[in-house]
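User: I'm new to this structure and would like a close look at the interface. Could you walk me through that part, and then show me what else is worth a look around it?

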Amino acid sequence: MDLDALASCLSSPACLVTQTTSGLIIGMLLFLVAVGLTLIFGVLKVVNFSHGAFYMFGAYFAMTAYQLTGSFALAILSGAVGTALLGLIFERAFMSRVYGRDVLMQLLVCYAFVLIFDDVVRMIWGPEFRSMGMPAAFQVPPLFIAGGVVPPYYLLLIGVALVAAAVLGLGLARSRIGKVIRAAAHNPGMVSALGINTGLIYGGVFALGGMLAGLAGALAAPVRSLTPGMGFSVLIESFIVTVIGGMGSILGALIGALLIGLIRSFGSLGFPLFTEGLMYLFMVIVLVSRPTGLFGKEVA
Amino acid sequence: MTELQAGQGAQPLEVPRIDARPQRYRDVLIALAAFVLLALLPMAFGSKQLLDFVIRCAAYGLFATSLNLLVGYTGLISFGHGMFFGLGAYGFGLMMQKTGVPIPVAFVATLAMTFVVAVVIGAICVRLKEIYFAFVTLAFQMLIHSTILSWQSLTGGDQGLRGGIPRPPFLGIDLSNHLHLYITSCALLVIGLFLMRQIAQSPFGYTLRMIRDNATRASFIGIDVWRAKLTIFVLAALFAATGGIIMALFVSGAYPEFAYWTISGEGIFINMLGGVTTFLGPMVGTVLLLILNDTVTRLTEYHGIVLGIVILFFAIGLRKGLMDFVVEWFAQRRGEGRG
């Protein structure tokens with residue numbers, strides 16, 4: 001414990017800006033992963049335990065595309081599109097076989113793929129740490145806000161996540177396809193009886209969820225190191241986010257992700273060894289006082 | 001899922017036999033026979049690997065079977081049961097390293113500590129249902145794991161409890177002797193399984209099945225569901241801690257991985273592998289997983305892929321655990337023979 005460090009940071013504007021920015025970065029990446037998770041749970045009623053793997057593949061796809069083409073835009077695009085395709089195949093070939101069955105069977109299929117995907121990455125890209133490196137366009141001096149350091153890349157990252165949140169939120173609320181998706185989440189039998197292909201919707205939602213996780217991985221690739229199994233800690237954290245926010249709630253995922261991001265960033269100052277413990281403690285407190293999370297609707 | 005239908009003819013509403021004495025005599029005989037067989041094993045095959053394998057089976061088997069009391073019998077899918085395995089290992093290891101009390105005292109004290117922790121955590125967890133129960137147990141597990149990692153002065157942090165666990169002889173038993181450790185582990189395994197079997201077959205055990213199948217109905221007929229769930233949560237924790245103690249004795253230490261969530265994940269996997277509707281399913285699963293792990297690790301460095309494909313075979317192909325499959329297959333054959 002180092003409460004002095006935390007206290008001195010809280011009283012320094014420069015440190016506040018730096019820590020808040022890094023908290024926002026963690027939060028925004030987590031949001032992208034968690035919102036996919038919450039979307040898949042909301043519509044398919046499946047807890048996608050293999051979701052972290054899509055984050056991992058997003059990062060590796062982006063790294064490979066960047067090394068081949070040198071284009072950062074193409075890297076992000078291949079991270080997102082590649083994982084969307086992967087999600088679609090995974091859902092149609094495997095997950096669709098266990099809908100409506102024992103929750104344990106669904107978890108088990110996902111668990112199997114956590115093991116398989118990690119080994120596949122190890123086979124293709126090797127077991128060691130890899131790094132994509134910061135694209136040249138962002139290798140510029142950082143901004144200073146009130147003395148705090150804010151790298152320009154962070155601003156892009158926050159911007160992309162916010163745009164994704166807005167598009168997703170508005171799309172689900174307003175667009176026709178969004179309404180169909182929400183209807184399918186509510187009553188798949190009825191939607192299917194109306195002549196809409198629910199299998200297509202399920203596959204599409206899973207692909208969308210995978211794409212969001214892949215986008216997060218691709219965006220994280222320049223600032224994090226890549227390793228097989230990197231999806232796992234992200235998965236656990238995004239679970240915490242969705243549970244705190246309320247499974248199935250997009251707003252909840254956003255708020256939960258920001259809270260966890262800030263807890264991690266400020267917690268690492270005051271409780272360097274217990275930063276993760278703080279997250280779990282926070283999750284326990286939330287679940288005990290509100291069993292369905294802050295924005296969850298259904299009654300547990 | 002309904003064991004009544006599978007085991008005792010097509011009478012799902014049959015009232016369980018309250019007078020379970022004849023069955024208990026049979027269980028005692030089976031337990032004694034199993035213990036004698038295990039105790040004779042070293043004479044038939046003296047290989048140290050085999051004895052080590054059985055000790056590991058005892059540790060994981062107690063853990064997995066106790067988890068099945070929650071998952072299979074009560075319908076409580078715990079993703080944090082491994083925390084009690086870890087608590088058992090750390091509690092026992094620390095007690096032996098720091099206090100120098102005799103082993104039986106440390107054993108009982110570790111179970112007492114686990115009891116207190118399980119009552120507190122269980123009281124919070126069993127209020128929640130299904131996926132929320134799974135998550136809150138997972139969160140507690142990780143909280144304990146984080147505490148072990150960060151409390152370095154006591155637990156050694158990510159290095160684990162090192163320097164070995166002292167094993168002073170007691171009552172003529174010397175646990176630093178490999179054979180003594182083996183026999184003690186077997187005895188703990190057999191006693192633990194026997195006790196869990198008695199819990200599962202008792203009227204309380206049938207109350208648990210009713211809660212699993214229809215909790216609302218159970219509470220309508222006056223069962224205190226919360227209390228019953230908490231009771232089995234705590235009992236299962238004690239058996240899991242016993243598994244952890246065996247593990248700590250076996251490796252002469254305790255490591256943070258013992259309290260990591262993957263232990264719980266493996267426990268669930270073992271249950272699915274062996275089957276959740278027969279009492280011995282988790283034991284079969286334990287043996288299968290340990291053999292699978294040992295052979296696959298020896299054959300290839302990509303053992304995740306092999307393990308994953310085996311899991312897929314059970315989850316999508318077989319759709320149930322091995323013992324479930326075998327029992328149903330026999331039941332079907334018997335049915336065909338008669339009709």
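Analyst: One term before we start: a helix here is a DSSP run of type H or I with at least four residues, and helices are numbered from the N terminus. With that, you can find your first landmark, A:Lys45, in the loop between α2 (13-44) and α3 (51-69) of chain A. Keep in mind that everything here comes from a predicted model.

Now to the interface itself. On the chain B side, 38 residues are in contact with 40 residues of chain A. Together the two chains bury about 3,800 Å², and 82% of that is on carbon and sulfur atoms. If you'd like to pick out residues on chain B, go for B:Tyr132, B:Phe135 and B:Tyr302, which lose the most area to chain A and together make up 17% of what that side buries.

What about charges and polar groups across the boundary? The count of salt bridges between chain B and chain A is 0, while 4 residue pairs are found in polar contact across the interface. Three helices of chain B give two or more residues each to the side that touches chain A: α6 (130-150), α12 (261-274) and α14 (303-318). Of these, α6(B) gives the most, with 12 residues. Sorted by class, that side of chain B has 26 nonpolar, 7 polar and 5 charged residues.

The nonpolar interior is a good next stop. The largest nonpolar core has 206 residues, and the ones with the most contacts inside it are A:Leu32, B:Phe79, B:Phe92, B:Phe135 and B:Trp261. You've already met B:Phe135 at the interface, where it is one of the residues of chain B that lose the most area to chain A. B:Phe79 is a nice one to zoom in on: leaving out neighbours within four places in sequence, its contacts include A:Phe49 and A:Leu107 from chain A, along with B:Leu138, B:Gln141, B:Trp261 and B:Ile268 from chain B. There is also a second, separate core of 5 residues, with B:Ala218, B:Ile223, B:Val225 and B:Ala228 among them.

From there, follow helix α3 (residues 48-74) of chain B, which holds B:Cys57. B:Cys57 is buried, because its relative accessible area is 6% and the cut-off for buried is under 20%. Not counting residues up to four places away in sequence, B:Cys57 touches B:Leu62, B:Met283, B:Thr286, B:Val287 and B:Leu290.

B:Arg56 gives you a charged pairing to look at: it forms a salt bridge with B:Asp294, with the closest N and O atoms 3.1 Å apart. B:Arg56 lies in α3 and B:Asp294 in α13 of chain B, so this pair ties together parts that are 238 residues apart in sequence. B:Asp294 is partly exposed, at 28% relative accessibility. Helix α13 (residues 281-299) of chain B also holds B:Val296, which counts as buried at 7%. Beyond its sequence neighbours within four places, B:Val296 is in contact with B:His303 and B:Val306.

Over all chains, the count comes to 9 salt bridges. One in chain A joins the side chains of A:Asp119 and A:Arg122, at 2.5 Å from N to O. Both sit in helix α5 (residues 103-125) of chain A, 3 residues apart, or about one turn of the helix. A:Asp119 is buried, at 2% relative accessible area, whereas A:Arg122 is partly exposed, at 27%. In chain B, B:Arg212 pairs with B:Asp213, their closest N and O atoms being 3.0 Å apart. Also in chain B, salt bridges that share partners link B:Arg26, B:Asp27 and B:Arg197 into one network.

Let's finish with two loop residues, starting back at A:Lys45. Most residues other than glycine have a negative phi. A:Lys45, though, has a positive phi, near 60°, and it is partly exposed, with a relative accessible area of 47%. B:Ser252 also has a positive phi, about 55°, without being a glycine. You'll find B:Ser252 in the loop between α11 (225-251) and α12 of chain B, and at 19% relative accessibility it counts as buried.

Note on methods. Residues numbered from 1 in each chain as written. Chains lettered and ligands numbered in written order. Predicted model: local features only at pLDDT ≥ 70, side-chain atom pairs only at ≥ 80, totals over all residues. Heavy atoms only, no water. Core = buried A, V, L, I, M, F, W, Y, C linked by side-chain atoms within 4.5 Å. Buried < 20%, exposed > 50% of the residue type's maximum accessible area, 1.4 Å probe, protein only. Contact = heavy atoms within 4.5 Å. Buried area = accessible area lost by both parts, 1.4 Å probe. Salt bridge = Lys/Arg side-chain N within 4 Å of Asp/Glu carboxyl O. Polar contact = N/O pair within 3.5 Å; in protein donor to acceptor, adjacent residues only side chain to side chain. Nonpolar A, V, L, I, M, F, W, Y, C, P; charged D, E, K, R; others polar.
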